[in-house]
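The exercises below each set a task and then work through a solution step by step. Please keep the sequence and the 3D view open while you read.

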Amino acid sequence: MGDLLLVRHGETEWSLSGRHTGSTDIPLTENGRAQAKRLAPLIASHRIAAAFVSPMRRARETARLAGVDGARVDADLCEWDYGGYEGVTTVEIHRTRPDWFLFDDGVAPGPPEHPGESPEQVGARAERMLAKVDAALAEAEGSVVVFSHGHFLRVLTARRLGLRASDGALFQLATGTVSRLSTEHRRHVVAGWNVRPPS
């Protein structure tokens, strides 16, 4: 069975300032585009059997600049729905909820079109995505690459390893990086994490 490559999109203005960016569809910064381009040789060093990408512009732009064409757009790869915390920083949230922690507490309710998600809801979405990944790995030789978002990929990793969705908190993930989930003795393992090619 091939590996699962996780690519967090390049830098955006909101990732740089720490604003929670779920449904807001903003582009990469110039640095974010440079980060994405630098990923191309790293991804090309793997035999890619299938590629999936979040519908958000920042993820699609990262995939294109990293040299991956024809990735299947899948809404299950969207970032955590932050509900009422969309566009808000953790520092701002802590002014009224000093003990708040996303992976334990989820988010404040938002508008009907973006009501917010609990850790368990994000975990269920990650499991749906992993089923699609496993189907793609079974169909062809090679690895699967997904282009997505920081908090969602952390939950996806936790679920791949058999951990709770909230254990995604253990996996810090920077913009413009590739991480690799593999197998050892038929168990899922982290084979590489937060890899960023040299500038």
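The model is a predicted one, and the first exercise starts from a single pair of residues within it.

**Exercise 1. Find the bridge partner of Leu6 in E5, and then place strand E1 in its sheet.**

Step 1. The partner of Leu6 in E5 is Ser179, and this pair belongs to a set of five bridges by which E1 and E5 are joined in the antiparallel sense.

Step 2. Turning to E4, we find that E1 pairs with this strand too, again over five bridges but in the parallel sense, and that Leu5 has Val145 as its bridge partner there.

Step 3. The strand order E3-E2-E4-E1-E5-E6 describes an open sheet of six strands with mixed pairing, in which strand E3 (72-73) and strand E6 (187-195) are the edge strands, each pairing on one side only.

Step 4. Further along this order, strand E2 (residues 48-53) runs parallel to strand E4 (residues 143-148), to which five bridges join it, and Phe52 stands opposite Val146 in E4.

**Exercise 2. Decide which residues of E1 lie on each side of the strand, and whether they are buried or exposed.**

Step 1. In a regular strand, side chains alternate between the two faces of the sheet.

Step 2. In E1, Leu4, Leu6 and Arg8 lie on one side while Leu5 and Val7 lie on the other, and all of them are buried, which leaves both faces covered.

Step 3. Because five of the five residues of E1 are buried, the strand is largely enclosed by the rest of the structure.

**Exercise 3. Work out where Thr157 is found and which residues it touches.**

Step 1. Thr157 is found in helix H8, and this helix (residues 150-160) lies across strand E1 (4-8), E4, strand E5 (177-184) and E6, running at about 160° to E1.

Step 2. The relative accessible area of Thr157 is 0%, so this residue counts as buried.

Step 3. Leaving aside residues up to four places away in sequence, Thr157 touches Leu6, Phe171, Leu181 and Trp193.

**Exercise 4. Show how the buried residues of helix H2 (residues 30-38) are arranged, and what they pack against.**

Step 1. The buried residues in H2 are Gly32, Gln35 and Ala36; seen down the helix axis they fall within an arc of 100°, so they line one face of H2.

Step 2. An α-helix has 3.6 residues a turn, so residues three or four places apart point the same way.

Step 3. The exposed residues Glu30 and Lys37 are carried on the face of H2 that is turned away from its buried side.

Step 4. Helix H3 (40-44) and helix H4 (57-65) are what the buried residues of H2 pack against, while the buried residues of H4, among them Ala59, Thr62 and Leu65, have a cover that includes E1, H2, H3, E2 and E4.

**Exercise 5. Locate Arg186 and Asn194, and state how exposed each of them is.**

Step 1. Most residues other than glycine have a negative phi.

Step 2. Arg186, although it is not a glycine, has a positive phi of about 65°; it lies in the loop between E5 and E6, and at 86% relative accessibility it counts as exposed.

Step 3. Asn194, also a residue other than glycine, has a positive phi near 60°, but Asn194 is found in strand E6 and counts as partly exposed at 26% relative accessibility.

Notes
Residues are numbered from 1 along each chain as its sequence is written. This is a predicted model: local features need pLDDT of at least 70, side-chain atom pairs count only at pLDDT 80 or more; totals for chains, interfaces and linings use all residues. Side-chain values use heavy atoms; hydrogens and water are left out. Buried means under 20% relative accessible area, exposed over 50%, partly exposed in between (1.4 Å probe, protein chains only). Helices (H or I, at least four residues) and strands (E, at least two) are DSSP runs, numbered from the N terminus. The arc is that of the directions from the helix axis to the C-beta atoms. Contact means heavy atoms within 4.5 Å. Two strands pair if DSSP finds at least two bridges between them. Axes are lines fitted to C-alpha atoms, for helices over the stretch in contact, and angles run from 0 to 180 degrees between N-to-C directions.
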